[in-house]
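Colleague: Please choose a single part of this model, look at it closely, and then explain how it sits within the rest of the chain.

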Amino acid sequence: MTTVILLRHGRTTANTGGVLAGWTPGVQLDETGAAQVAAVGERLAKVPLAAVVSSPLERCAQTAAAVAAGRDLEVHSDDRLGEARYGDWTGRAIKELAKEPLWKVVQQHPSAAVFPGPEGEGLAQTQARAVAAVRSWNAQLGPDAVWLACSHGDVIKAVLADALGLHLDQFQRIVVDPASISVVTYTDTRPFVVRVNDTGGDVSALIPPPRRRRRARKSSDAVVGGGAGTTV
């Protein structure tokens with residue numbers, strides 16, 4: 001049962017400026033964003049991470065570095081966790097984009113949305129590469145690993161939609177705030193979505209028990225009735 005902590009980068013100057021940053025270079029955390037990632041780094045300090053993997057974009061690299069600080073871990077960069085490639089929409093104001101015909105497609109039928117221009121991709125492509133990245137790292141790190149993937153709002157929402165068994169057209173129902181964590185545990189037969197858009201509180205349940213206390217590998221069956229919850 002491999003567990004991935006999906007961490008969105010902290011707040012950026014583009015977020016506060018109402019601009020769709022996309023792959024624009026040089027977009028970094030603002031003062032609030034820096035404080036957010038410092039706090040999430042402290043929250044996760046006691047969780048043993050097998051790896052920290054990040055989108056190559058600066059805002060994610062800064063966020064991932066805050067989590068990796070004090071750990072004997074290299075931050076791995078993976079383009080597949082990078083922001084959706086918004087093509088000609090990149091760098092434009094959100095209020096202007098909301099007037100474009102494609103905006104309604106992105107909102108109501110995102111699986112059909114393909115962003116304009118030679119650098120644009122479809123949201124379905126974004127989801128496919130991001131899910132492939134998560135599953136590839138799961139396989140590489142093994143069934144007992146807890147690892148962290150630092151990415152972007154739409155990318156994390158797409159991974160969560162896949163884990164929830166939702167069609168991509170439903171992914172706009174999911175909220176992923178800056179510096180929030182969402183957690184998915186992958187088993188042989190299905191993923192379990194453990195947390196979504198968590199911006200505070202105890203994370204001790206994410207710490208694996210000592211190996212001597214581990215029993216036989218947990219079943220991938222869901223507990224009928226909901227079960228008693230996680231015990232620490």
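**A close look at one helix**

Modeller: The buried residues of H7 are covered by, among others, strands E1, E4, E5 and E6 and helix H6, which runs over residues 123-141; cover is judged here by contact, meaning heavy atoms within 4.5 Å. The names come from DSSP runs numbered from the N terminus, a helix being a run of H or I of at least four residues and a strand a run of E of at least two. Before going further, please keep in mind that this is a predicted model, in which local features need pLDDT of at least 70 and side-chain atom pairs count only at pLDDT 80 or more, while totals for chains, interfaces and linings use all residues. Residues are numbered from 1 along each chain as its sequence is written, and side-chain values use heavy atoms, with hydrogens and water left out.

Helix H7 itself spans residues 153-163. Nine of its eleven residues are buried, so H7 is largely enclosed by the rest of the structure; buried means under 20% relative accessible area, exposed means over 50%, and partly exposed lies in between, all with a 1.4 Å probe and counting protein chains only. The buried residues are Gly 153, Val 155, Ile 156, Lys 157, Ala 158, Val 159, Leu 160, Ala 161 and Ala 163. Beyond the helix comes Gly 165, which has a positive phi near 75 degrees.

The loop between H7 and strand E5 (181-186) holds Ala 179, whose phi is positive, about 65 degrees, although the residue is not a glycine. Most residues other than glycine have a negative phi. Ala 179 counts as buried because its relative accessibility is 9%. In strand E6 (residues 191-198), one of the elements covering H7, sits Asn 197, another residue that is not a glycine but has a positive phi, here about 55 degrees.

It helps to set H7 beside helix H3, which covers residues 58-68 and has Arg 59, Cys 60, Thr 63, Ala 64, Val 67 and Ala 68 buried. Seen down the axis of H3, these buried residues fall within an arc of 165 degrees, so they line one face of the helix, the arc being that of the directions from the helix axis to the C-beta atoms. In general, an α-helix has 3.6 residues a turn, so residues three or four places apart point the same way. The buried residues of H3 pack against helix H2 (31-43) and against strands E1 (2-8), E2 (52-54), E3 (75-77) and E4 (146-151); E1 and E4 also appear in the cover of H7.

Just after H3, Gly 70 has a positive phi of about 85 degrees, and this glycine belongs to the loop between H3 and E3. With 88% relative accessibility, Gly 70 counts as exposed.

Stepping back to the whole protein, there are seven helices and six strands, and along the sequence they follow the pattern β-α-α-β-α-β-α-α-α-β-α-β-β. Buried residues make up 45% of the 232 residues. Of the contacts between residues at least 6 apart in sequence, 70% join residues at least 24 apart. Along its principal axes, the C-alpha trace spans about 55 × 40 × 30 Å.
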